[in-house]
Amino acid sequence: MSLSQTVFTPSFLSSISNELRIPHPRPVLSYSRIQTNRILCAAKRTGKRRYPSERKKLRTEQKEAAAKVKNKLEGVWRLSKLGVPVGDDPGKDSLGISEGLLQAIAKVIEFPVASMLPEEAFSVVRKSFDARKILKEAKFVYTVDLDVKTLLELEPRAHDFIFRLEPKLGLVEHLSPEKTVSGDLISVVNECRRVNGDAAAGEHEPVVINGTGGGRSKPRVAVVGGGPSGLFAALVLAEFGADVTLIERGQAVEERGRDIGALVVRKILDMESNFCFGEGGAGTWSDGKLVTRIGKNSATVLAVLKTLVRFGAPDNILVNGKPHLGTDKLIPLLRNFRHYLQSAGVNIKFGTRVDDLLVEDSRVVGVRVSDSTDKLQSSSKDLKFDAVVLAVGHSARDTYEMLLSRNVELTPKDFAVGLRVEHPQELINSIQYSDLAGEVRKGRGKVPVADYKVVQYVNDKDEDLSQSSSSKRSCYSFCMCPGGQVVLTSTNPNELCINGMSFSRRSSKWANAALVVTVSAKDFDLLNLTGPLAGIEFQREFERRAAIMGGGDFTVPVQRVTDFLQSKLSETPLPSSSYRLGVKSAKLHELFPAHITDSLRQSLSMFEKELPGFISEEALLHGVETRTSSPVRIPRSNETYESTSLKGLYPVGEGAGYAGGIVSAAVDGMFSGLAVAKNFDLFDGAIESVIGKAQGAGLVKY
């Protein structure tokens, strides 16, 4: 039968079997509900629910998008939100073009026979799993690029269908060439050097640095901190030919792993090498999440992800809708990253703490360092540099104090505090997937291990914090670790702080996430905490309270969610916990001020509505989670990334208040490295021409 005789029907869009459908929520545990205040949660209007002005704007944008397409029969068409039912998909680990996906593509381009479409013409850009209860059935959702040239070479009869294709906002997009170009960071910088006449080869004019005279073609740059921002800043600068020294107070991942083992097994805390400090930063011993809000398909994010792949990350992080690595994948990756930096000439100093900045004429000229195991700093020595990239993490509290003593401008920043809740992973699978829960199989099944992300906005009338009301604040789940464990992130034996982590398969029997509420200067004022470091003192206050509640020796205070809601001490035996250093029943409802506790309770009640079964006798709260993001911001220039109060200092990453998470920190480090290279004339042109547009110094999307 010829193509012209083929009748297009939707018959190929068959539903999956009834066994895979998600039923109505099952009955949940009965408990005494508390009175909740008004919840603000604005849903996005779609379809007929849009206002006339919104529909008019949408039509205008559609026309503008269509006008930009010069030739439909060239380049790449990006097809988004292609749904494939679970029964028609090979599963989460398959990233190729399946028969079910071809059927979804054929429907969008209105091609009558999906089996005639050549797989070679399509590539998967993004794949995620959608099991929301509002859907008739769970499905995998794809974003696919259609290469027109390949498609027409292999299937010429698709010509008319592509010619009739029109852009649809959020669904169908014709990509311009610049939108499709993105390599790993090393390739990007090498291409920039080639275009600019290979600055690293000395073809640019020597520059005079710090007014010393004589000129030097290789600026000496210190990068302080070996987390994502520091590593990517060092990589960019080394590729552009700078003389880079990377200084990290903690140890390399191999020795850091032994130090963490000593903490978990023998409760020996190394204050300089632990879950927070060391190669890779705090994200190394975590879930290794690569999810970000700064544009998952942007050139900047793809450059970071492709660089991680170059150093050993699996290819699927380029496609997965919620990419993650896991600690077991991060450790060899970081080792490869380190070896490359060293081969590029970077001098890496582990176990070296920066105790002070060397300042002359209001400009940084170097750093004072010491052996990080030397608490008395008797081994200190001065190292001279032309610039210092400050890429410390959010737990480097002594560094903030040092900066303040040097009159570097610091501003307090809002962050979030709360508790970490843990459920049996099977319970979360059941809540999210219902009958599909059996397809998880400890991370080896057809569907991903179930996770969740919940955000609510609690608003309490017109009262203020001084009256212990909850006031308006966001309450949300943070750093959800499916198939993970709760771990200790304290950097001082007198303080107790926790986080979550998981390995790449996410195969443990527990699921944990932080349940946190935002705090600001108003909350700090209630404890008589003022000044730039008020947020840090706020964190310390509750970390010390948690340590006392736990009874010391890193024992974590815990409480059933049901008992937290009813303000009563949990009776033993408690539900099992993944935390390995011991737990103790405690009155966590007395840990925070009343307005924070009330907000946590209200959010829990609302989470129960979103996830029926979330409030359970099996759900265990752990205290305390305070280090969700930096409590401090170091103001810097939007263009040069240089501190606004001290020349030669470049504050970047999460510790400086400009990122949150592995990817956004890496992106910020990448742009800071480019800014420093440009400031020292290591390349010409605009930074945006190298890797795209940055988010801006004042905008943090994480």
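Contact here means heavy atoms within 4.5 Å. Keep that in mind for the opening residue, Lys 139. And a caution before we start: this is a predicted model.

So, Lys 139. Which residues does Lys 139 touch, leaving out those up to four places away in sequence? There are two runs in the list. One is Gly 83, Val 84, Pro 85 and Val 86. The other is Ser 128, Phe 129 and Asp 130. Lys 139 itself sits in strand β4, residues 139-147. Its relative accessible area is 27%, so Lys 139 is partly exposed. Now look along the chain. Val 447 is 308 residues away from Lys 139 in sequence, yet their C-alpha atoms are separated by 9.6 Å.

Let me step back to the whole chain. It has 702 residues, and 56% of them count as buried. There are 18 helices and 24 strands. Take the contacts between residues at least 6 apart in sequence: 73% of those join residues at least 24 apart. The accessible surface comes to about 30,400 Å². Carbon and sulfur atoms hold 49% of that surface.

Another lysine next, Lys 218. Lys 218 is in the loop between α6, residues 185-195, and β6, residues 220-224. Relative accessibility there is 45%, so Lys 218 counts as partly exposed. Asp 243 is 25 residues from Lys 218 along the chain. The C-alpha atoms of the two are 6.0 Å apart.

On to helix packing. Helix α7 covers residues 228-239, and helix α17 covers residues 662-679. Their axes lie 7 Å apart, at an angle of about 35 degrees. Is the crossing of α7 and α17 left-handed or right-handed? Right-handed. From α7, the residues in contact are Pro 228, Ser 229, Phe 232, Ala 233, Val 236 and Leu 237. On the α17 side the list includes Ile 662, Ala 665, Ala 666, Gly 669, Met 670 and Gly 673. Sorted by class, the contact has twelve nonpolar residues, four polar and no charged ones. As for the spacing, an α-helix has 3.6 residues a turn, so residues three or four places apart point the same way.

Now helix α8, residues 253-266. How far apart should its ends be? At 1.5 Å a residue, the 14 residues should span 20 Å. The end C-alpha atoms of α8 are 19 Å apart, which agrees. Buried in α8 are Val 253, Arg 256, Asp 259, Ile 260, Ala 262, Leu 263 and Val 264. Note that Arg 256 and Asp 259 are on that list. Among the elements covering these buried residues are α10, residues 327-343, and β17, residues 484-488.

Right after α8 comes Lys 267. Lys 267 is not a glycine, but its phi is positive, about 60 degrees. It sits in the loop between α8 and α9, residues 299-310. At 26% relative accessibility, Lys 267 counts as partly exposed.

Helix α14 is next, residues 534-550. Its 17 residues reach 25 Å from first C-alpha to last, close to the 24 Å expected. Twelve of the 17 residues are buried, so α14 is largely enclosed by the rest of the structure. The buried ones include Ile 536, Phe 538, Phe 542 and Met 549. Gln 539, Arg 540 and Glu 543 are buried as well. Gly 551 follows α14, with a positive phi near 85 degrees.

Last, some backbone points to check. Most residues other than glycine have a negative phi, and most peptide bonds are trans. Against that background, take Ser 567. Its phi is positive, about 55 degrees, and it is not a glycine. Ser 567 lies in the loop between α15 and β21. With a relative accessible area of 37%, Ser 567 is partly exposed.

Pro 573 is in the loop between α15, residues 561-566, and β21, residues 583-585. The peptide bond joining Thr 572 and Pro 573 is cis, with omega about 5 degrees.

What is the peptide bond from Gly 623 to Val 624, cis or trans? Cis, with omega near 10 degrees. Val 624 lies in strand β22, residues 620-625. That's my tour; over to the group.

Technical notes
Residues are numbered from 1 along each chain as its sequence is written. This is a predicted model: local features need pLDDT of at least 70, side-chain atom pairs count only at pLDDT 80 or more; totals for chains, interfaces and linings use all residues. Side-chain values use heavy atoms; hydrogens and water are left out. Helices (H or I, at least four residues) and strands (E, at least two) are DSSP runs, numbered from the N terminus. The expected span of a helix is 1.5 Å times one less than its number of residues. Buried means under 20% relative accessible area, exposed over 50%, partly exposed in between (1.4 Å probe, protein chains only). Axes are lines fitted to C-alpha atoms, for helices over the stretch in contact, and angles run from 0 to 180 degrees between N-to-C directions. A crossing is left-handed if the near helix is turned anticlockwise from the far one by less than a right angle, and right-handed if clockwise. Ala, Val, Leu, Ile, Met, Phe, Trp, Tyr, Cys and Pro count as nonpolar, Asp, Glu, Lys and Arg as charged, and the others, Gly among them, as polar. Accessible areas come from the Shrake-Rupley method with a 1.4 Å probe; for residues, only the protein chains shown count as cover.
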